Amino acid sequence: MTKHRFSRLVGFRPVALLLLSGSLAGAGDADSPVISFRRDVLPLLSERCFACHGPDDDSREADLRLDRRADATAPRDGTAAIVPGKPDQSELLHRLAASDPDVVMPPPDSGKKPLTPKQVTLIRQWIEQGAPWSRHWAYEPPRRPPLPTTGFRDRVQTPIDAFVLARLEAEGLAPASRADRATLIRRLYLDLIGLPPSVEEVDAFLSDTSSDAYARVVDRLLDSPHYGERWGRIWLDAARYADSDGFEKDKPREVWFYRDWVIRSLNRDMPYDRFIIEQIAGDLLPNATQDQIVATGFLRNSMLNEEGGIDPEEFRMQAMFDRMDAIGKSVLGLTLQCGQCHHHKYEPFSQKDYYRLFAFLNNSHEAQPVVYTREQQSERRRILNEIARIERELQNRTPNWRQRMAEWESALGRQTVPWTVLEISNAGDNNQRYYRQEDGSLLAQGYAPTRFDATFTATTNESEIRSFRLELFTDPNLPAGGPGRAVDGQIALSEFEVTATSVTDPSRKKVVKFVRATADYSNPPKQLKAPYTDAKGKSSGVIGPVEYAIDGKNDTGWGIDAGPGRRNQARQAVFVAEENAAFPGGTRLTIVLSQRQGGWNSDDNQNLNLGRFRISVAPVEADADPIPRAIRSILRIPPHERSDEQIAKVFSYWRTTVKEWEEANRRIERLWSRHPEGTTQFTLQERTTPRQTFVLERGDFLKPLDPVTPGTPDFLHAFDADGPPTRLDFARWLVARDSPTTARSIVNRIWQAYFGRGLVETPEDLGTTGSPPSHPRLLDWLAVELMDHGWRWKPIHRLIVMSSVYQQSSHVSPAAFQRDPDNRWLARGPRFRVDAEIVHDILLAASGLLNRKVGGRSVYPPAPEFLFQRPASYGPKTWAYDRDGEQYRRAIYTFRFRSVPHPPLQAFDAPSGEYSTVKRPRTNTPLQALVTLNEPLFFECAQALARQSLVRPSKGDRERLTYAFRCCVARRPTEDELRVLQELLQTQRRRIQGKQLDPQAILMDAYGRPAERVAGVDDGELAAWTLVCRVLLNLDETITKE
Amino acid sequence: MRRRVHLEKASKTFQDVSRRWFLQQCGIGLGAIALHDLLPDSTNAAEPLAPKRPHFEPRAKRVIFLFMGGGPSHLELFDYKPALAKFDGQLPPAELIRGYRAAFINPNSKLLGPKFKFHRYGQCGAELSELLPNMGKVVDEIAIVKSMVTDAFNHAPAQIFMSTGTQQFGKPSLGAWVTYGLGSEADDLPAFVVFSSGKKGPSGGNSNWGSGFLPTVYQGVTFRSTGDPVLYLSNPSGVDAKVQQESLAAINRLNRLHRDAVGDPEIDTRIRSFEMAFRMQTSAPELMDIAQEPQHVLDLYGAEPGKPSFATNCLLARRLIERGVRFVELFHESWDQHGGLVRDLKRNCLDTEKACAALIQDLKQRGMLEDTLVIWGGEFGRTPMVQGSTDGRDHHPNCFTMWLAGGGIRGGVTLGESDDFGFNVVRDRVHVHDLHHTILHLLGFDARRFSFPFQGLDQRLIGVEPTRVVEEILA
């Protein structure tokens, strides 16, 4: 990159035909003939000097700072590093130009290249000109520049053209002619919806001679539900979206609601500022909707390490660093990562600045609430309304219900059992980690073993212990809110065992025998099903009544599954000992919570572990309080202070105890049983007690330095908040109108998606060390345009695709290619291989196999099974092969294991979601050829394209071949191309007729089943066509945006 | 020589442009083109996989990394501690474990004496475990480093650290750096090949061989030791070699027609990619066919045709580097002995140590050892304290053992020393970054200058802290 910059600098020549002159405010001045500090000098100083003479206090040498003019020009020993107007007196210039290795800067052992003579001259001229100083372009908010004039006036269709054509002119280049219409419509389809047009769509466009034919296609595509899939995928790269945890276990996670939220939001053209605010702090918006909470999955897309032996806090911090990185790259377009360990060497961004930003994010639970699809939400609403209606009916029928409920309440009395909470500590191994909570409960985190015993010890001075109470609590950090760690928050307590040891005489021990167990709730006995089985599929047993926990059997356990909608509640069980468990003089209790009923594979989501729990003892025989904890806490509120909602909750419980309402209660139970199962989703939920954030020494979570408060760095725009700054304030700050990089960053990436490279080639870094923009004014103009259009993307898309620059032909002569191989100046249309997902989607769409359903759970297309087994995978993984059409969904829906990327996508450079990606590499490798030639699903595409071609009522090979060809590339084949195809078809027909090839073998689908046939077409013919269609699907043009 | 099928003669017009393009974009380099100098701050960007000259004359030209995933016990294999035997069953000194974080155990757990006997081997008289009799025969060829230190003590982060020099995901692996720096001499195989054997896959997953911010052409390509070595190498059902050849000829003819129309040399890259893929369909199975090896070579490794094993992978590693592959990495994830220390170490050594020794012998016989660097080791060592009752050890980052051989390494050297318990390094500490520095040095790089610009920084494998070349083990 550095090299690039210099070569351009050296090759710089004054340009006669300037864009409008005037102030150089805004995005800079790459078109100006005078020396520009920002463009020419700052990059040199930054690259060569700032590491030791920059903003980082800790690594500054000789107390010299060159990143600020006042410091650089300050007198030092009778001279100054820079004496404006006087290069010969400027120490900087002497040092840069010196040949003595002891004098020259940068020092030879720094690994930095010395300045070239031309660069030294440039610095000299700049100092001569008075060493004018200005801030890096990207830190000044963009202002709308005036449109330049251009000699190519007749080619200007949108303002974009004015900028690009003026620049072309300055380069002495001329724009290419318009692409032919078939190519153009295919380009448009691929860009806007990521799918190729059908032959019929191409024909409709070709025969539409009206002047707005193209514009209407644009409108239609921007309105298509597939638009959000195409552009959403780009955002998902930045959001490092994947369907699994990463690291060793790499367990599946449910996050596809977030993916669908992205698709839907883009389809609705949600303003980008809103889009960001909801992803950073949707949960904090007033009356946050489920969608807004789901949006916060953006930050939660970090990887999660739950291998045994980890400290969960260490990896929570790693996830926090990842979130900072993601916000830096995807929203700000700035590299923040350095600040994790040290001051930024090139930007005025200190380590403290980093942790002040970090502090905005550091106060959330790693929440996993249950969420519902649109259909489930309306079903759920219907059920809850119906229940409410029945309850109202009961109340209407019973005018004195309030009085009766009050009588019931007073009859209940207060709880009188004197429970003492034990301070239990983990006495087992360190696989699962336990965090003590303020209420004395333990929260289980980290690795979740299955089929294990959790052992705890506690010491107590109680002289009488007759009852043990196990309370289970919900917690935002548990799946579905808990109280268990199972994917739906469930538990199975196989056994509750206690051994008591005398503190004064450890030889005195007794195994406590339990004679009675009660619980506020136990589910009816239920056989556990997959995944709670052994490796052969045998069930881990039964869960049900709490007595199962003291029956001495490991395959029966206490279960609390109250079904969907009511599953995730605090519960309690009480176990009564046959005799006093205490010893005089103190008792040491060893409590084993046996949890033996998970599945066999602890590297998958198969645990039924207790998530958050507390253990108490009492000197009397006690029963579990039958009143649920939530109701109990309302009953503690004086009746006249209860809200209507609280009264309704008490009523809902009380009615279940009223005998004469049995029938109504049954009806309500039936309704509950129809409540939809939701899906969990990773989201943020703000903690009530804030975490203190510290600067961490070299990013080490065990080495906190100074405490910091949330705040933003000075070199960016001002931060505004009433009251203590919150994550929501931070989100709003990120997309404030005066943010210098936010709008530029996103329009740059939109541009990159169309043209293969951004206006700034380092989209992750618009800062001083990033590449300078090729068209700075255009970048600013687009950024302002975005904001002026309410931050909506679709108007920007329209501007781009309606431009003549976009519509240029991509054909190139060798000379023109040599002149601008990277097409930086856009004298031709973009031409490049499409992204991995679009490769997949093109092949499926062209062959007619594509299932165009939008949204839903991730799917499992064919993939080699060994990838999911050892030793390819760390642990065995489940790949639940889809067979009934779901395997033909768009690639955005393919399930993404971070540690086992789907091979066809990986081969074409799809990122694995391990970190935020704002620019994909684009390679062209033999492994890609093997994928498109031999991958079973893609071979099915060849069979399907053959079927599609053969079912057409047609006059012969020629027409059919033309059709198949056009399915792939839209345009018609040339005579030469047709000849190649016809020859191949004939050859393969002959080989099949000669029995050298077996059509039955060729006509197998990806799962080895006979492929679909075409009525009236013999297998030999279908097989021959399959082989020809395979060739068409493997053309460079098929997977290229032309 | 391997069979080479040319599908068609390439047209002259675009050949030069396209060759350059091909080298720039393709996952595989061309063998027969001239060496290019590696620029101090970037490689020759136009031809990333062309063979390149490093900063100075290299001692090693290629690398085989035997990655023992899980963390082998240095105390049972290389670092004999009589004192540990003596204090077996006693608690460790308090000052030793002050501030120590263990993964699973309470650091204040009893010391566990070494479970196996040690013997002296070779002329150098190095001490090796009785579990390593074959390694004993080649001990004069290897340099044992008993003073390795790493930063991480959980598997995935520690493996990523060993592989990339940082615990953060998204950084290039050692193999990617080496391929980036040296290019490839293989013309029909990937430059960087990875195998996996053992009980599980590597904890760090594919990030262990990822390219990070380097172009993806440098990432490792996973091979299987049975079945298709490379994914989708076999033709679909019913498609024979002739169909494949005719199909590719048609594809390339059509691509060429289109290139003549649109002029984009990227299409020539595509044509070459297809030609290369077709060649790989022949060369890769041929490579994998170890039945071609004489029986005594199979016996030397303990490899059996058709049977996936670490031994087979070692033999394949040799066959790969013979064909110009730059970096071969074998993961054997089986060394995480929290329990079953005795049984599993016996098993693991039976599975691996003969093949490791065979690899060295075989390379030496072929004259390839002198410029092939072989590295053996895991992501960390194991605690002198017991896990469980008497038969397990926990993860331990403070001290562990690795060995190196070949390419510029002085054989018969044992470097470094740990304390009486094998807990801390007391002499000649070698941090993972020092190991990386040394590997790059042997390959001809000044590790401090070997960098890639990304996110505004000149990123280096060895990071920013001071590191050193471990001169003591160099020949």
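**Exercise 1. Strand pairing around β11(A)**

Task: Which residue stands opposite A:Thr501 in β12(A), and which strands pair with β11(A)?

Solution.
1. In this predicted model, A:Thr501 faces A:Lys509, a residue of β12(A).
2. β12 of chain A covers residues 509-511, runs antiparallel to β11(A) and is joined to β11(A) by three bridges.
3. Six residues lie between β11(A) and β12(A), and the two strands form a hairpin.
4. β11 (residues 495-502) also pairs with β18 (residues 587-595) of chain A, in the antiparallel sense and over eight bridges.
5. In that second pairing, A:Glu497 has A:Val592 of β18(A) opposite.

**Exercise 2. An open sheet in chain A**

Task: What is the strand order in the open sheet that contains β14, β15 and β16 of chain A, and which strands stand at the edges?

Solution.
1. The order is β14-β15-β16, three strands with mixed pairing.
2. β14 and β16 (556-558) are the edge strands; each has a single partner strand, so one side of each has no neighbour in the sheet.
3. The pairing of β15(A) with β16(A) is parallel and consists of three bridges.
4. Within that pairing, A:Gly544 stands opposite A:Trp558 of β16(A).

**Exercise 3. Cis peptide bonds**

Task: Where in chain A are the prolines A:Pro483 and A:Pro531 placed, and what is the omega of the peptide bond that leads into A:Pro483 and into A:Pro531?

Solution.
1. Most residues other than glycine have a negative phi, and most peptide bonds are trans.
2. The bond from A:Gly482 to A:Pro483 is cis, its omega being near 10 degrees.
3. A:Pro483 belongs to the loop between β10 (467-472) and β11 of chain A.
4. The bond from A:Ala530 to A:Pro531 is cis, and omega is near 10 degrees there.
5. A:Pro531 sits in the loop between β14 (526-527) and β15 (542-544) of chain A.

**Exercise 4. Positive phi, buried or exposed**

Task: Is A:Asn287 buried or exposed, and is A:Trp791 buried or exposed?

Solution.
1. A:Asn287 is a residue other than glycine with a positive phi, near 50 degrees.
2. Its place is the loop between α13 (272-281) and α14 (290-295) of chain A.
3. A residue with 12 or fewer other C-beta atoms within 10 Å is exposed, and one with 20 or more is buried.
4. A:Asn287 has 5 C-beta neighbours inside 10 Å and therefore counts as exposed.
5. A:Trp791 also has a positive phi, near 60 degrees, and lies in the loop between α25 (776-788) and α26 (793-801) of chain A.
6. A:Trp791 has 22 other C-beta atoms within 10 Å, so A:Trp791 is buried.

**Exercise 5. Packing of α7(A) on α25(A)**

Task: At what angle do α7(A) and α25(A) pack, and which residues of the two helices meet?

Solution.
1. The angle between α7 (residues 159-171) and α25(A) is about 170 degrees, and the axes are 9 Å apart.
2. Angles over 145 degrees count as roughly antiparallel, so α7(A) is roughly antiparallel to α25(A).
3. From α7(A), A:Pro159, A:Ile160, A:Phe163 and A:Val164 take part; from α25(A), their counterparts are A:Arg777, A:Leu778 and A:Trp781.
4. By class, this contact has six nonpolar residues, one charged residue and no polar ones.

**Exercise 6. The interface of chains A and B**

Task: How many residues of chain A are in contact with chain B, and which helix supplies the largest share of that side?

Solution.
1. On the chain A side 79 residues are in contact with 72 residues of chain B.
2. Several helices of chain A each supply at least two residues of this side, among them α1 (2-10), α30 (926-934), α31 (936-950) and α35 (1019-1033).
3. The largest share, eight residues, comes from α30(A).
4. The chain A side is made up of 33 nonpolar, 27 polar and 19 charged residues.

**Exercise 7. A residue in chain B**

Task: Where in chain B is B:Val217, and is B:Val217 buried or exposed?

Solution.
1. B:Val217 is in the loop between β7 (192-198) and β8 (221-222) of chain B.
2. There are 26 other C-beta atoms within 10 Å of B:Val217, so B:Val217 is buried.
3. B:Phe153 is 64 residues apart from B:Val217 along the chain, and their C-alpha atoms are separated by 31 Å.

How values were computed
Residues numbered from 1 in each chain as written. Chains lettered and ligands numbered in written order. Predicted model: local features only at pLDDT ≥ 70, side-chain atom pairs only at ≥ 80, totals over all residues. Helix = DSSP H or I, 4+ residues; strand = E, 2+ residues; numbered from the N terminus. Contact = placed C-beta atoms within 7 Å. Nonpolar A, V, L, I, M, F, W, Y, C, P; charged D, E, K, R; others polar. Pairing = 2+ DSSP bridges. Axes fitted to C-alpha atoms, helices over the stretch in contact; angles between N-to-C directions. Parallel < 35°, antiparallel > 145°, perpendicular 65-115°, else oblique.
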